[in-house]
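Here's a quick briefing to read alongside the viewer. Have the sequence and the 3D model open, and click along as you go.

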Amino acid sequence: MTAAVRCAGVVQIYRAGELEVVALRDVDLVIERGETVALLGPSGAGKTTLLWMLAGLLRPSAGRLWLNGTELAALDQRRLDRLRAGHIGVVLQNPARNLIPYATPAQNVAFAQRGVRRDRTRIGELLERVGLGGVKTRVGRLSGGEQQRVAVAVALANRPRLLLADEPTSQLDAATGRTVVDLIRSAAAEEGTTAVVVTHDQAVSGALGRTVTIRDGRVGAEGRRGEDFVVVGRDGGLLLPPEFHELLPPGSRARVVPLPQGVALHRVDEDA
Ligand SMILES: Nc1ncnc2c1ncn2[C@@H]1O[C@H](COP(=O)(O)OP(=O)(O)O)[C@@H](O)[C@H]1O
Ligand SMILES: [Mg+2]
(Lines give C-alpha, C1' and ligand atoms only; values in the text may rest on other atoms or scores of the structure.)
(Ligands and ions follow the chains in the order given, each with its own letter.)
Protein backbone atom coordinates (compact mmCIF):
# COMPACT_ATOMS: atom_id res chain seq x y z
CA MET A 1 0.00 0.00 0.00
CA THR A 2 1.18 3.53 -0.70
CA ALA A 3 2.40 5.27 2.42
CA ALA A 4 0.47 8.34 3.58
CA VAL A 5 3.72 10.24 4.02
CA ARG A 6 7.16 9.55 2.63
CA CYS A 7 10.14 11.85 3.16
CA ALA A 8 13.48 11.03 1.57
CA GLY A 9 16.52 13.09 2.49
CA VAL A 10 14.47 16.19 3.22
CA VAL A 11 16.55 19.27 3.97
CA GLN A 12 15.38 22.73 4.96
CA ILE A 13 17.74 25.67 5.08
CA TYR A 14 16.39 29.05 6.19
CA ARG A 15 18.29 32.04 4.93
CA ALA A 16 18.16 35.21 6.96
CA GLY A 17 20.52 37.69 5.30
CA GLU A 18 24.03 36.31 5.56
CA LEU A 19 22.96 33.64 8.02
CA GLU A 20 21.91 30.11 7.16
CA VAL A 21 20.02 27.91 9.58
CA VAL A 22 19.84 24.21 8.73
CA ALA A 23 16.48 23.34 10.27
CA LEU A 24 16.18 19.84 8.76
CA ARG A 25 19.01 17.64 7.51
CA ASP A 26 18.29 14.41 5.68
CA VAL A 27 14.95 13.52 7.19
CA ASP A 28 13.81 10.04 6.13
CA LEU A 29 10.37 9.13 7.35
CA VAL A 30 7.55 6.82 6.27
CA ILE A 31 4.09 7.02 7.83
CA GLU A 32 1.43 4.50 6.84
CA ARG A 33 -2.20 5.36 6.24
CA GLY A 34 -4.22 5.61 9.45
CA GLU A 35 -1.16 5.84 11.69
CA THR A 36 -1.13 8.36 14.52
CA VAL A 37 2.33 9.76 15.14
CA ALA A 38 3.56 12.04 17.91
CA LEU A 39 6.38 14.29 16.75
CA LEU A 40 8.63 14.97 19.73
CA GLY A 41 11.86 16.83 20.30
CA PRO A 42 13.37 19.83 22.02
CA SER A 43 12.50 23.37 21.03
CA GLY A 44 14.28 24.37 17.81
CA ALA A 45 14.69 20.73 16.67
CA GLY A 46 12.72 21.31 13.45
CA LYS A 47 9.28 19.91 14.31
CA THR A 48 7.26 22.87 13.06
CA THR A 49 9.39 23.07 9.91
CA LEU A 50 8.68 19.41 9.13
CA LEU A 51 4.96 19.89 9.73
CA TRP A 52 4.86 22.92 7.41
CA MET A 53 6.57 20.84 4.75
CA LEU A 54 4.03 18.03 5.06
CA ALA A 55 1.30 20.68 4.82
CA GLY A 56 2.73 21.93 1.52
CA LEU A 57 3.29 25.36 3.08
CA LEU A 58 7.05 25.13 2.62
CA ARG A 59 9.07 23.52 -0.16
CA PRO A 60 12.17 21.55 0.89
CA SER A 61 15.57 23.03 0.01
CA ALA A 62 16.53 19.49 -1.01
CA GLY A 63 15.10 15.99 -0.82
CA ARG A 64 11.74 14.56 -1.85
CA LEU A 65 8.34 14.39 -0.26
CA TRP A 66 5.28 12.30 -1.20
CA LEU A 67 1.75 12.34 0.22
CA ASN A 68 -0.25 9.24 -0.73
CA GLY A 69 2.22 8.60 -3.52
CA THR A 70 1.94 12.10 -4.99
CA GLU A 71 5.16 14.06 -5.00
CA LEU A 72 4.38 17.56 -3.77
CA ALA A 73 7.07 19.17 -5.90
CA ALA A 74 5.32 17.82 -9.02
CA LEU A 75 2.11 19.75 -8.32
CA ASP A 76 1.45 23.25 -9.63
CA GLN A 77 0.05 25.81 -7.18
CA ARG A 78 -3.58 25.18 -8.17
CA ARG A 79 -3.32 21.39 -7.65
CA LEU A 80 -1.44 21.89 -4.41
CA ASP A 81 -4.15 24.28 -3.15
CA ARG A 82 -6.85 21.77 -4.07
CA LEU A 83 -5.02 18.93 -2.31
CA ARG A 84 -4.57 21.06 0.79
CA ALA A 85 -8.19 22.25 0.93
CA GLY A 86 -9.71 18.82 0.42
CA HIS A 87 -7.31 16.38 2.02
CA ILE A 88 -5.07 18.07 4.57
CA GLY A 89 -6.19 19.51 7.92
CA VAL A 90 -3.74 21.76 9.73
CA VAL A 91 -3.72 23.07 13.28
CA LEU A 92 -1.01 25.72 13.48
CA GLN A 93 1.03 26.34 16.62
CA ASN A 94 -0.84 29.61 17.08
CA PRO A 95 -4.47 28.48 16.61
CA ALA A 96 -5.77 32.02 16.11
CA ARG A 97 -4.01 31.98 12.73
CA ASN A 98 -6.34 29.18 11.59
CA LEU A 99 -9.50 31.00 12.59
CA ILE A 100 -11.78 33.86 11.61
CA PRO A 101 -12.09 35.90 14.84
CA TYR A 102 -15.44 37.58 14.09
CA ALA A 103 -17.23 34.31 13.19
CA THR A 104 -18.73 31.70 15.53
CA PRO A 105 -17.15 28.24 15.98
CA ALA A 106 -19.78 26.70 13.66
CA GLN A 107 -19.19 29.38 11.00
CA ASN A 108 -15.47 28.70 11.23
CA VAL A 109 -15.93 24.96 10.65
CA ALA A 110 -18.44 25.69 7.85
CA PHE A 111 -15.93 28.02 6.21
CA ALA A 112 -13.42 25.16 6.06
CA GLN A 113 -16.01 23.26 4.00
CA ARG A 114 -16.25 25.95 1.29
CA GLY A 115 -15.68 24.52 -2.13
CA VAL A 116 -16.30 20.98 -0.86
CA ARG A 117 -19.52 19.31 0.21
CA ARG A 118 -21.09 21.22 3.12
CA ASP A 119 -21.93 18.79 5.94
CA ARG A 120 -23.92 20.42 8.76
CA THR A 121 -24.14 17.20 10.79
CA ARG A 122 -20.36 16.92 10.74
CA ILE A 123 -19.99 20.51 11.98
CA GLY A 124 -22.32 19.93 14.94
CA GLU A 125 -20.71 16.59 15.78
CA LEU A 126 -17.16 17.94 15.76
CA LEU A 127 -17.99 20.92 17.97
CA GLU A 128 -19.94 18.67 20.32
CA ARG A 129 -16.94 16.37 20.65
CA VAL A 130 -14.55 19.18 21.53
CA GLY A 131 -17.04 20.44 24.11
CA LEU A 132 -18.16 23.53 22.19
CA GLY A 133 -21.56 22.40 20.88
CA GLY A 134 -24.01 25.31 20.65
CA VAL A 135 -21.41 27.96 21.54
CA LYS A 136 -22.40 31.13 19.63
CA THR A 137 -19.61 33.39 20.89
CA ARG A 138 -17.39 34.76 18.18
CA VAL A 139 -14.06 32.99 18.17
CA GLY A 140 -12.01 36.13 18.88
CA ARG A 141 -13.64 36.28 22.31
CA LEU A 142 -12.91 32.67 23.24
CA SER A 143 -9.97 31.65 25.44
CA GLY A 144 -6.77 30.29 23.90
CA GLY A 145 -7.76 26.74 24.86
CA GLU A 146 -11.23 27.12 23.33
CA GLN A 147 -9.66 28.48 20.15
CA GLN A 148 -7.38 25.46 20.04
CA ARG A 149 -10.40 23.19 20.17
CA VAL A 150 -12.18 25.12 17.40
CA ALA A 151 -8.98 24.85 15.33
CA VAL A 152 -8.99 21.05 15.72
CA ALA A 153 -12.65 20.91 14.63
CA VAL A 154 -11.84 23.13 11.63
CA ALA A 155 -8.91 20.90 10.67
CA LEU A 156 -11.14 17.79 10.75
CA ALA A 157 -14.07 19.45 8.94
CA ASN A 158 -13.49 17.65 5.63
CA ARG A 159 -12.43 14.27 6.99
CA PRO A 160 -8.86 14.92 5.85
CA ARG A 161 -6.57 12.12 4.78
CA LEU A 162 -3.81 13.85 6.70
CA LEU A 163 -4.14 15.80 9.93
CA LEU A 164 -1.16 17.91 10.95
CA ALA A 165 -1.37 19.49 14.38
CA ASP A 166 1.31 21.62 16.05
CA GLU A 167 1.00 21.37 19.83
CA PRO A 168 -2.82 21.28 19.68
CA THR A 169 -3.26 20.69 23.43
CA SER A 170 -0.67 23.15 24.76
CA GLN A 171 -3.36 25.36 26.30
CA LEU A 172 -5.71 22.61 27.47
CA ASP A 173 -6.05 20.92 30.84
CA ALA A 174 -5.52 17.15 30.99
CA ALA A 175 -9.19 16.20 30.62
CA THR A 176 -9.86 18.53 27.68
CA GLY A 177 -6.59 17.50 26.07
CA ARG A 178 -7.79 13.92 26.30
CA THR A 179 -11.00 14.71 24.38
CA VAL A 180 -8.92 16.24 21.58
CA VAL A 181 -6.65 13.18 21.45
CA ASP A 182 -9.69 10.88 21.45
CA LEU A 183 -11.13 12.83 18.54
CA ILE A 184 -7.89 12.47 16.58
CA ARG A 185 -7.76 8.75 17.35
CA SER A 186 -11.30 8.15 16.22
CA ALA A 187 -10.66 10.08 13.00
CA ALA A 188 -7.77 7.65 12.40
CA ALA A 189 -9.74 4.54 13.35
CA GLU A 190 -13.02 5.42 11.61
CA GLU A 191 -11.94 7.47 8.62
CA GLY A 192 -8.37 6.32 8.05
CA THR A 193 -7.04 9.80 8.78
CA THR A 194 -3.28 9.80 9.24
CA ALA A 195 -2.29 12.13 12.06
CA VAL A 196 1.01 13.80 12.86
CA VAL A 197 0.86 15.66 16.15
CA VAL A 198 3.68 17.78 17.56
CA THR A 199 3.50 17.60 21.32
CA HIS A 200 5.44 17.96 24.54
CA ASP A 201 2.68 16.26 26.49
CA GLN A 202 3.38 12.64 27.44
CA ALA A 203 -0.32 11.97 27.91
CA VAL A 204 -0.77 12.87 24.24
CA SER A 205 2.25 11.01 22.86
CA GLY A 206 1.43 7.95 24.96
CA ALA A 207 -2.05 7.77 23.44
CA LEU A 208 -0.79 7.85 19.84
CA GLY A 209 0.50 4.87 17.90
CA ARG A 210 4.12 5.87 17.38
CA THR A 211 6.59 8.52 18.43
CA VAL A 212 9.17 10.13 16.17
CA THR A 213 11.74 12.26 17.95
CA ILE A 214 13.42 15.02 15.98
CA ARG A 215 16.82 16.07 17.25
CA ASP A 216 18.94 18.70 15.58
CA GLY A 217 16.94 18.48 12.35
CA ARG A 218 17.08 14.70 12.06
CA VAL A 219 14.98 11.72 13.06
CA GLY A 220 16.83 10.86 16.24
CA ALA A 221 14.59 8.12 17.56
CA GLU A 222 11.36 6.27 16.93
CA GLY A 223 9.26 4.57 19.54
CA ARG A 224 6.31 2.30 19.99
CA ARG A 225 4.46 1.31 23.14
CA GLY A 226 6.76 3.24 25.45
CA GLU A 227 10.04 1.90 24.04
CA ASP A 228 12.37 4.21 22.13
CA PHE A 229 14.78 3.12 19.38
CA VAL A 230 17.57 5.10 17.76
CA VAL A 231 17.37 5.27 13.98
CA VAL A 232 20.40 4.66 11.79
CA GLY A 233 20.47 7.43 9.18
CA ARG A 234 21.22 7.09 5.47
CA ASP A 235 24.86 8.03 6.20
CA GLY A 236 25.07 5.32 8.88
CA GLY A 237 24.98 7.96 11.57
CA LEU A 238 22.92 7.79 14.71
CA LEU A 239 22.11 10.24 17.46
CA LEU A 240 22.80 8.95 20.96
CA PRO A 241 19.92 9.74 23.30
CA PRO A 242 20.87 12.61 25.65
CA GLU A 243 20.81 10.31 28.69
CA PHE A 244 23.96 8.61 27.32
CA HIS A 245 25.90 11.82 26.76
CA GLU A 246 27.64 11.40 30.10
CA LEU A 247 28.86 7.88 29.22
CA LEU A 248 29.81 8.86 25.69
CA PRO A 249 30.21 12.64 25.57
CA PRO A 250 30.00 14.34 22.17
CA GLY A 251 33.39 14.06 20.47
CA SER A 252 34.51 10.99 22.42
CA ARG A 253 36.01 7.96 20.67
CA ALA A 254 34.41 4.54 20.89
CA ARG A 255 35.32 1.07 19.73
CA VAL A 256 32.52 -0.56 17.74
CA VAL A 257 32.16 -4.14 18.97
CA PRO A 258 30.01 -6.48 16.89
CA LEU A 259 27.33 -8.50 18.66
CA PRO A 260 25.03 -11.15 17.16
CA GLN A 261 22.20 -8.58 16.68
CA GLY A 262 24.08 -5.32 16.41
CA VAL A 263 27.00 -3.51 17.94
CA ALA A 264 28.14 -2.21 21.30
CA LEU A 265 30.03 1.05 21.70
CA HIS A 266 32.94 1.02 24.17
CA ARG A 267 34.46 4.36 25.03
CA VAL A 268 38.19 4.57 24.42
CA ASP A 269 39.97 7.01 26.72
CA GLU A 270 42.35 9.28 24.83
CA ASP A 271 45.42 8.56 26.99
CA ALA A 272 44.81 4.81 27.14
N1 LIG B 1 11.46 31.52 9.24
C2 LIG B 1 12.63 31.17 9.80
N3 LIG B 1 13.78 31.81 9.48
C4 LIG B 1 14.97 31.46 10.03
N5 LIG B 1 15.12 30.42 10.89
C6 LIG B 1 14.02 29.75 11.25
C7 LIG B 1 12.71 30.07 10.73
N8 LIG B 1 11.81 29.21 11.27
C9 LIG B 1 12.51 28.38 12.08
N10 LIG B 1 13.83 28.70 12.07
C11 LIG B 1 14.91 27.98 12.80
O12 LIG B 1 14.88 26.63 12.38
C13 LIG B 1 15.10 25.75 13.49
C14 LIG B 1 13.91 24.81 13.66
O15 LIG B 1 12.77 25.57 14.02
P16 LIG B 1 11.34 24.92 14.25
O17 LIG B 1 11.00 24.08 13.09
O18 LIG B 1 10.40 26.04 14.60
O19 LIG B 1 11.60 24.00 15.54
P20 LIG B 1 10.60 23.41 16.64
O21 LIG B 1 9.20 23.50 16.11
O22 LIG B 1 11.07 22.00 16.83
O23 LIG B 1 10.79 24.22 17.87
C24 LIG B 1 15.36 26.66 14.68
O25 LIG B 1 16.76 26.82 14.80
C26 LIG B 1 14.70 27.94 14.29
O27 LIG B 1 15.32 29.05 14.94
MG1 LIG C 1 7.47 24.45 16.89
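What follows covers the overall fold, the ligand site, one helix in some detail, and a loop residue.

Keep in mind that this is a predicted model. The chain has 7 helices and 13 strands, and its 272 residues come with a radius of gyration of 20 Å. One ligand site and helix α6 get most of the attention below.

**Overall fold**

- A compact globule of 272 residues would have a radius of gyration near 19 Å, so the 20 Å of this chain agrees with that.
- If you're setting up a box, the C-alpha trace spans about 75 × 40 × 40 Å along its principal axes.
- Of the 272 residues in the chain, 44% are buried.
- Take the contacts with a sequence separation of 6 or more: 62% of them are between residues 24 or more positions apart.
- About 14600 Å² of the chain is exposed, and carbon and sulfur atoms supply 50% of that area.

**Around ligand 1**

- The shell around ligand 1 is made of Tyr14, Val21, Ala23, Pro42, Ser43, Gly44, Ala45, Gly46, Lys47, Thr48 and Thr49.
- Two backbone contacts are worth pulling up: an N or O atom in the backbone of Gly44 sits 2.7 Å from an oxygen atom of ligand 1, and a polar backbone atom of Ala45 is 3.2 Å from an oxygen atom of the ligand.
- Thr48 joins in with its side chain, where an N or O atom lies 2.8 Å from an oxygen atom of ligand 1.
- On its own, ligand 1 exposes 560 Å², and the protein buries 61% of that.
- Two elements, β2 (19-31) and α1 (47-54), give two or more residues to the shell around ligand 1.
- Of the elements, α1 gives the most to this shell, with 3 residues.

**Helix α6**

- Helix α6 covers residues 174-191, which makes 18 residues. From first C-alpha to last it reaches 25 Å, close to the 26 Å expected at 1.5 Å a residue.
- The buried residues of α6 are Thr176, Gly177, Val180, Val181, Leu183, Ile184, Ser186, Ala187 and Ala188.
- It helps to recall that an α-helix has 3.6 residues a turn, so residues three or four places apart point the same way.
- What do the buried residues of α6 pack against? Their partners are the strands β3 (36-40), β7 (162-166) and β8 (194-198), along with the helices α4 (120-129), α5 (144-155) and α7 (202-207).
- Just past the helix comes Gly192, with a positive phi near 70°.

**The start of α6**

- Asp173 caps the N-terminal end of α6, with a side-chain oxygen 3.1 Å from the backbone nitrogen of Ala175.
- The side chain of Asp173 also makes a polar contact with the side chain of Thr176, at 2.7 Å.
- Thr176 itself lies in helix α6. Is Thr176 buried or exposed? Thr176 counts as buried because its relative accessible area is 16%, and the cut-off for buried is under 20%.

**A loop residue: Ser143**

- Ser143 belongs to the loop between α4 and α5.
- With a relative accessibility of 38%, Ser143 is classed as partly exposed.
- Ser143 and Gln171 are 28 residues apart along the chain, and their C-alpha atoms are separated by 9.2 Å.

Terms used. Residues numbered from 1 in each chain as written. Chains lettered and ligands numbered in written order. Predicted model: local features only at pLDDT ≥ 70, side-chain atom pairs only at ≥ 80, totals over all residues. Heavy atoms only, no water. Helix = DSSP H or I, 4+ residues; strand = E, 2+ residues; numbered from the N terminus. Expected span 1.5 Å × (residues − 1). Buried < 20%, exposed > 50% of the residue type's maximum accessible area, 1.4 Å probe, protein only. Contact = heavy atoms within 4.5 Å. Polar contact = N/O pair within 3.5 Å; in protein donor to acceptor, adjacent residues only side chain to side chain. Rg over C-alpha atoms; globule rule 2.2 N^0.38 Å. Areas by Shrake-Rupley, 256 points an atom, 1.4 Å probe, with all protein chains shown as cover. Near = heavy atom within 4 Å.
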